[in-house]
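Me: I am new to this structure and would like to understand the words used to describe it. Could you take me through the reasoning behind them?

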Amino acid sequence: MATHRPTITLDTGQCVHCGLCLSACPTYQVTGLEAESPRGRIFLLERLQDDPSVLNDNAMRALDDCLDCRACEEVCPAHVGTGHLVEAWRAEAAPLLMERGPEAMKQFRRMTRPMGFFLGSPQGLRWLQRMARVMQKPGIGRWISRLKFVPASAQGLARGLPKQIPHRLSRTVKPRPLSHPRGRAMLFSGCIMDAIYAETNWHTQDLLELGGLEVTVPEQQRCCGALHLHGGDPDQARRWAMENIIAFEQSGAATVVVNAAGCGSTLKEYAELFRGDPNWEPRARRFEEAVEDATAILARLDLPALPSSEDPITLQDPCHLSHGQGIRQEPRQLLMRAGYRIQEMKDSDRCCGSAGIYNLTHPEMAQALLHRKVQDIPAGVQWVAAANPGCLMHMQSGLSDNPRAPEVVHPIDLVWTAYRDAGQIGGTS
């Protein structure tokens, strides 16, 4: 059964300016500025509809600083889709933003060109893997730091890369037929997950098979399009969505399983990309209705219960899992069933500052949010579980200088390790 998600309207007129969103907004928490709050951004968008001339540098910066974390949408009594509205504004204002917008938006637009190659094809993803492995070689980081075209934010983020980068994409694994499967699922491999966190995808496949599902991983699937969509480039997101929908239709699967929170939230909104299209909207709706988060479906599959461990872990609730999809309890249920003891983190669903590539384009705000997040990690925990690649890399980069700090890992990897140690599953795929 799909997890309940709040109904969102894109009508700014629904906002009653009650201010309940203020305490939920990470940028408002950091700055205390009304313009950096959801209510302030809605007010700006309303003014822009009446008088476009008010779009000065400060207004553009306040709108562009939105993390699109959806925390405001979850607490809004009128269900105003502030994040969706900011996305729509970025798409409409793209030419103006490139001409005289904030440097962050210009930088994002410059990044989308290589992103189309690196994230949008298997060949590009293999190059991304190679680059990540090079970044981990001793001395390479100091050499790269001298290159002016590599921003300091990217160098800092590289410290959060996993210790071992795979040498092949996760989508290259062939499905293993089961004798009496309970169903057939398509594993959405994603882009960063496919290349940098390929092992997590393999672990997801192992656990789904332990639960009795036959898994297929179509090679023709593409990036979900979330980064482009959040940055105001829905056309590229739409092109990749078509390929993903076709891959699902040809897979013969009843379910699309995704283990990246940002991907899952975007996949569950594909029909919005094709609103009014008589051919693609129904197909996109069938696709999004089939999408399930990996922790949610594994919690429902009732994997064997394992003995409890004394070592505590904590969870970071990714924005697009908690606020975007309404999924909070399922990762905890899955981890506890695998024997882990959970020590809750304060404000575990507050954005860590990753937000796609926000940590690259808005480094100061991202680092301020990361600092707060690191301070909230409970003392004595061995691992911080986070079900999103951006959170994993960003938070790990903030802990990399402390050898005694906990490791940030995907909950799927923790669960897989527990079942492997219990002899329930074999080694990596």
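Reply: What follows concerns a predicted model, and each term is set against its cut-off.

Me: What makes helix H23 largely enclosed by the rest of the structure?

Reply: Buried means under 20% relative accessible area. In helix H23, which spans residues 389-399, 10 of the 11 residues are buried, so the helix is largely enclosed by the rest of the structure. Among these buried residues are Pro-389, Cys-391, His-394 and Leu-399. For the chain as a whole, 58% of the 429 residues count as buried.

Me: How do you know that S5 and S6 are paired, and which way do they run?

Reply: Two strands pair if there are at least two bridges between them. Strand S5, residues 312-316, is joined to S6 by 2 bridges, and the two run parallel, so the definition of a pair is met. Ile-313 has Ile-342 in S6 as its bridge partner.

Me: Why are S6 and S8 said to stand at the edges of the sheet?

Reply: The open sheet has 4 strands in the order S6-S5-S7-S8, with parallel pairing. Strand S6 (341-342) and strand S8 (407-409) each have a single partner strand, so one side of each is left without a neighbour in the sheet.

Me: Where does H23 lie with respect to these strands, and at what angle does it run to S8?

Reply: Helix H23 lies across S5, strand S7 (383-386) and S8, and runs at about 180° to S8. On the scale used, angles run from 0 to 180 degrees between N-to-C directions, so a value of about 180° means that the helix and S8 point in opposite directions.

Key:
Residues are numbered from 1 along each chain as its sequence is written. This is a predicted model: local features need pLDDT of at least 70, side-chain atom pairs count only at pLDDT 80 or more; totals for chains, interfaces and linings use all residues. Side-chain values use heavy atoms; hydrogens and water are left out. Buried means under 20% relative accessible area, exposed over 50%, partly exposed in between (1.4 Å probe, protein chains only). Contact means heavy atoms within 4.5 Å.
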